[in-house]
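Here are a few exercises to work through at your own pace. Try each task with the viewer open before you read its solution.

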Amino acid sequence: MGRALHLGTEAGSSIRSHAERDYPRECCGLMVGRRQEGAWKVEYVRPARNLNTDRPNDRYLLDPADFVHADREARGRGLDIVGIYHSHPDHPARPSDTDLENAWAALAYLIVGVKDGRVHEWRAWEYDGEHFDERSVDGAPLE
Amino acid sequence: MSVTVRIPTPLRSLTGGADEVKLEATSVRALIDSLEDKHGGFKAQLLDGEGKLRRFVNVYLNDEDIRFREGLDTALGDNDVVAIIPAIAGGAGDASWPRMLQKLKREIAEVEPADVLQTRESEGTVIVDVRDTEEFNEGHIEGAIHLPRSFLEMRAENLLKDREASIVVHCAGGVRSLLAAESLRRLGYARVRSMAGGFGRWKNQGLPFVKPRVLSGEDRRRYARHLSIPEVGEAGQLKLLDARVLMIGAGGLGSPAAYYLAAAGVGTLGLVDFDVVDESNLQRQILHTTDRVGKPKTESARQTLLALNPGIEVKTFEERLSSENVERLFRDFDIIVDGSDNFPTRYLVNDACVLQKKPNVHGSVYRFEGQVTVFWAGQGPCYRCLYPEPPPPELAPSCAEAGVLGILPGVVGLLEAVETIKIILGMGIPLVGRLLTYDALRAEFRELKLRRDPQCRYCRDGVEFPGFIDYEQFCARPTDAVRTS
């Protein structure tokens, strides 16, 4: 059993509203918290800009400046960027080939499936250097 | 300089879990070297094969992306904070294209522009430019074969005969050429490489290229059927537009020849004829019309030719061709098309062509028979090699005397036009040293070999031009200098 993603209700609802607000474009953001034995514990999230203007509906490129700011803020609070979330508008919440091409190890990836403007699933993944393995999400029930 | 480096989560395995390290370095490049020395594995994560910062990584110096500073050469000061930021990207859409590109890059050898230039000289490498016509026209490598990507498979076999040849394909940036190189390989070309960085890199490195003249949109439409012949194409059409052809006579042979040469876009047509349009000409001299009877043939011909193709220039010379004016009249033309019907003119045309080393596209007709050949001193025989002396006048009647089937000069004149076009384009085998005869009644073409006369008074090797003579007297025939068949 791999690490679980503890999202918490507040972080969960932030991600949800971000994904629904940006639909049909993809949203992306950073999850800040602590990496612990057996879990990523998310304390809060920071929405980021999607810099991909060519295909914003099925691609994202997280603004590195947002990463820098979130990283500094997190360090100031003794926290860390533990993962990334992004939405898949009208696509299943599974990593695509594009996700695989750009994946980094050690981070939690939360993919949010949005259908017709409503978040209907989210699933967590971890990249091991070759593929993505699914991890459980808890602390923030979708319904 | 003591610098703090912030290590992102994905790379902390390299630092034993530490989220930042302190190092001494004066530039970002030196910092990466020092990270590598201390912790190992950073270079592979941060730099590509060429030692440049990888696309998937950003490096920030105190909140600023070093790509907007001096990149890896950005200088570092005391207490600076350098953050390594993983580029975070992805998305729902599948990325089949990047994977395909990676695969192509593995399979197709790439070659740097400078090396292309070198192997071209040492190995005779063929350069194939697969960009679109508009891009090609903006500038290209001289001598490159233009084979647009969209027609590659269809035209490759016509333009690239040797499947074992060393071929370098290029486009603008080095991507389309990978695709094209793969297609060529599938067509059986064994030694195909792609030029890295494409024409853009070639140009940026200051390597030589040419910017060709191009056809206007109007010409492109008018000559579309020429442009789609690979052997003619835009370069060929430009040659036609640049060509200057002088027609001796705007009569039976000159009419069809000039009409089609004008249509084909021969840019400058000269017409020498001093005659006026006669009713009896209209049975075959198709440049003229009934309402122009009595008008100069040159003017009538000019009107018809320009009505067909206003894009060409028609120069008219309403004068008798003579020993006095022949050098002046021939000087500004590349090819002479002889449509005269009398011997003094044929000898005069021949001698002037020998003198100026110009091809003399020669045609003649008699009732139901016609002949065509190309006299070209230096390349083959001249008219005098064939007929050192003129025949007696009674054996050589003109059309006026003997009559001619009206269509026959059409056939022969058009054969002359075809030979003219071939010479302009440098295409095919010209009728040099060969006489093509046409017998309309038998519907039969024959070919006779013509040989250079090594003793020819006018064109033998090393001979000094003997000068123009009194052609009337030579032919012993009291006739006008130019009368057209």
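**Exercise 1. In which loop of chain B is L47(B) found?**

Before starting, note that this is a predicted model: local features need pLDDT of at least 70, side-chain atom pairs count only at pLDDT 80 or more, and totals for chains, interfaces and linings use all residues. Residues are numbered from 1 along each chain as its sequence is written, while chains are lettered from A and ligands numbered from 1 in the order in which they are written.

Step 1. L47(B) sits in the loop between α2 (42–46) and β3 (57–61) of chain B. Helices (H or I, at least four residues) and strands (E, at least two) are DSSP runs, numbered from the N terminus.

Step 2. Now look along the chain: V57(B) is 10 residues away from L47(B), and their C-alpha atoms are separated by 8.7 Å.

Step 3. Count the surroundings. L47(B) is partly exposed because 17 other C-beta atoms lie within 10 Å; 20 or more would make a residue buried and 12 or fewer exposed, with C-beta atoms placed from the backbone.

Step 4. List the partners. Leaving aside neighbours within four places in sequence, L47(B) is in contact (C-beta atoms, placed from the backbone, within 7 Å) with I32(B), K52(B), L53(B) and R54(B).

**Exercise 2. Describe how chain A touches chain B.**

Step 1. The contact draws 30 residues from chain A and 25 residues from chain B.

Step 2. On the chain A side, the elements giving two or more residues are β4 (60–61), α2 (64–76), β5 (80–89) and α3 (97–101). β5(A) gives the most, with 7 residues.

Step 3. Sort that side by type: 15 nonpolar, 6 polar and 9 charged. Here Ala, Val, Leu, Ile, Met, Phe, Trp, Tyr, Cys and Pro count as nonpolar, Asp, Glu, Lys and Arg as charged, and the others, Gly among them, as polar.

Step 4. Look for strands that pair (at least two DSSP bridges between them). β4(A) and strand β6 (residues 89–90) of chain B do so in the antiparallel sense over 2 bridges, and Y60(A) stands opposite G90(B).

**Exercise 3. Trace the sheet of chain A and what lies across it.**

Step 1. The open sheet has 8 strands in the order β8-β7-β6-β5-β2-β3-β1-β9, with mixed pairing. Its edge strands, each pairing on one side only, are β8 (132–135) and β9 (137–138).

Step 2. Within chain A, β1 (residues 4–6) and β3 (residues 39–48) run parallel, joined by 3 bridges. L5(A) stands opposite W40(A) there.

Step 3. Helix α1 (residues 9–22) of chain A lies across β2 (28–36), β3, β5, β6 and β7 (118–127), running at about 35° to β3(A). For this angle, axes are lines fitted to C-alpha atoms, for helices over the stretch in contact, and angles run from 0 to 180 degrees between N-to-C directions.

**Exercise 4. Which residues have the most contacts inside the largest nonpolar core?**

Step 1. Such a core is a set of buried Ala, Val, Leu, Ile, Met, Phe, Trp, Tyr and Cys residues joined through C-beta atoms within 7 Å.

Step 2. The largest has 64 residues, and M31(A), L110(A), V112(A) and L31(B) have the most contacts inside it. Strand β6 (residues 108–115) of chain A supplies the largest share, 6 residues.

Step 3. A second, separate core of 59 residues includes V266(B), L271(B), I335(B) and A352(B).

Terms used: Contact = placed C-beta atoms within 7 Å.
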